[in-house]
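User: Please take a close look at one part of this model, then set that part in its wider context. Keep the sentences short and give each cut-off as you go.

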Amino acid sequence: MASGAALKVLEAVRAFRPRILEERERIEAARRLPENLTRELARAGLFRIFVPGAYGGLDLTPMEAMDVYEELAGGDASVAWCVWNGNANWTTAQFPREVAEAIFAEPDVILANSTRPTGQAVVVEGGYRVTGRWSLVSGCQLSSWMILTCIVHENEKPRPTPSGTPESRLMLCPAAECEILDTWTTGGLRGTGSHDVVVRNLFVPASHASFYTDPMVLTAPRYRFPHTSRVIPGLGAIALGIARTAIDTLIDLAVDKRHERSGQSLREDRGAQSRLSQAEALVRSARLLLYDATSRVWDDVMAGREATMTGRAQVRLASCHAVTSATQAVDLIYLSGGATSLYATSPLERAFRDVHAITQHIAVHPRVMETAGRVMFGLEPEAPSMV
């Protein structure tokens, strides 16, 4: 059963839907979310979904968060994407308390992030000197802070971890100290403003650098839930939300649409009937698997058990499957819409572009399915970050 906080946020999302639909063309044209809409979303708590209650956050479960992303994506995928990305704070429970309290003191604070390790953090007294360029930083124009991944350098070379791999750290950088390069000109997810971000020789205190392996500051079981299992299912939820709107759009379209030559109603077209039922089955079955896999790991962690490698791999598998299934469903609906699907005024055209853009995210790369299969065979994953 959803918590009171989750129900309140879902009510807010539904109330925002008419406004989001009104803004869709402006979002596409500007290639970013409007400032005023974003601030209102923030004040409604949509960028505090996983922020701990101790810091004024909603502390939702991963399943409750997926409900929010799916609902938002039904209105506009770019809005859902920016909210999802703005909640991927990764190591909040490992921040020093004073840092977390200061960052989340503002009710409408937003954090953008990049997990691409394309920056360099040189060790200096009291912290690091950060330089680098990161691509695909969704929502960067709306954010107060950037979480940017760096390779730590000491004595002019990467500092190794005990396993011998280069050490990475997530650097909290004030957005005002970051330069945004306008690089986001795309088809799908056009409104996410996923531009490049550049930082040059910025001092970052040690207290503002963290990583998944750091000791936990907040030690309740919910904060030990694997970060990938918390964040990545959101991709599946967004894709499923897009597919659900595509299905509903086709059903509405079929009321009046007829084949030009035969005059047959789209509703009476057997091919369209078959494709619609296939799409429905794809979306509903993928959704069940996604929520089941995620909730199983959540239940283990909340019971004080360690999340198993198999459980985590199943979450990654279910996330990839949700995106793949949603894409297949949208393709079926797009085909059934005929020439109507081609026009930018059609939600089917937008759904086609947006859902295919999600398939290009590295978190749902086909290699993830290979890794899940390795784990199912009892082998160790080639890269722990894949689960």
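Analyst: Contact here means heavy atoms within 4.5 Å. The model is predicted: local features need pLDDT of at least 70, side-chain atom pairs count only at pLDDT 80 or more, and totals for chains, interfaces and linings use all residues. Residues are numbered from 1 along each chain as its sequence is written, and side-chain values use heavy atoms, with hydrogens and water left out.

Take Asn89 as the part to inspect. Asn89 sits in the loop that links helix 4 (77-86) to helix 5 (97-103). Helices (H or I, at least four residues) and strands (E, at least two) are DSSP runs, numbered from the N terminus. Is Asn89 buried or exposed? The residue has 3% relative accessibility, so Asn89 counts as buried. The cut-offs are these: buried is under 20% relative accessible area, exposed is over 50%, and partly exposed lies in between (1.4 Å probe, protein chains only).

Which residues does Asn89 touch? Neighbours within four places in sequence are set aside. The contacts are then Val51, Phe104, Leu111 and Ile147. Ile147 has a place in strand 3 (145-154).

Now the cysteines. The whole structure holds zero disulfides, a disulfide being a pair of cysteine sulfur atoms within 2.5 Å. For Cys82, the nearest cysteine sulfur belongs to Cys140, 9.1 Å away. Cys150 is also unpaired: its nearest cysteine sulfur is that of Cys173, at 6.5 Å. Cys82 has 4% relative accessibility, so Cys82 counts as buried. Cys150 is buried too, because its relative accessible area is 0%.

Next, the helices toward the N terminus. Helix 1 (residues 4-30) contains Arg24. Arg24 is charged, yet its 14% relative accessibility means that it counts as buried. Beyond its neighbours within four places in sequence, Arg24 is in contact with Gly75, Asp76 and Arg350. Helix 2 (residues 35-43) has Leu37, Thr38, Arg39, Leu41 and Ala42 as its buried residues. Their cover includes helix 1 and helix 4. Helix 4 is also the element that precedes the loop of Asn89.

Backbone angles come next. Most residues other than glycine have a negative phi, and most peptide bonds are trans. Arg31 lies in the loop between helix 1 and helix 2. Its phi is positive, near 60°, and Arg31 is not a glycine. Gly45 follows helix 2, with a positive phi near 95°. Glu156 is another non-glycine with a positive phi, about 65°. Glu156 is found in the loop between strand 3 and strand 4 (157-158). Its relative accessible area is 81%, so Glu156 is exposed.

Two further sites show approaches between parts of the chain that are apart in sequence. Phe225 is placed in the loop between strand 8 (209-210) and helix 6 (227-231). With 3% relative accessibility, Phe225 counts as buried. Not counting residues up to four places away in sequence, Phe225 touches Pro62, Arg230, Thr294, Val297, Trp298 and Val301. Its C-alpha atom is 9.7 Å from that of Asp299, although 74 residues separate the two along the chain. Gly373 belongs to helix 11 (residues 367-376). At 22% relative accessibility, Gly373 counts as partly exposed. Its C-alpha atom and that of Leu317 are 8.7 Å apart, and the two residues are 56 apart along the chain.

Finally, the whole chain. The secondary structure adds up to 11 helices and eight strands. The radius of gyration is 21 Å, close to the 21 Å from the globule rule for 387 residues, so the chain is as compact as a globular protein of that length. That radius is taken over C-alpha atoms, and the rule is 2.2 Å times the number of residues to the power 0.38. The C-alpha trace spans about 75 × 45 × 40 Å along its principal axes. Of the 387 residues, 52% count as buried. Among contacts between residues at least 6 apart in sequence, 74% join residues at least 24 apart.
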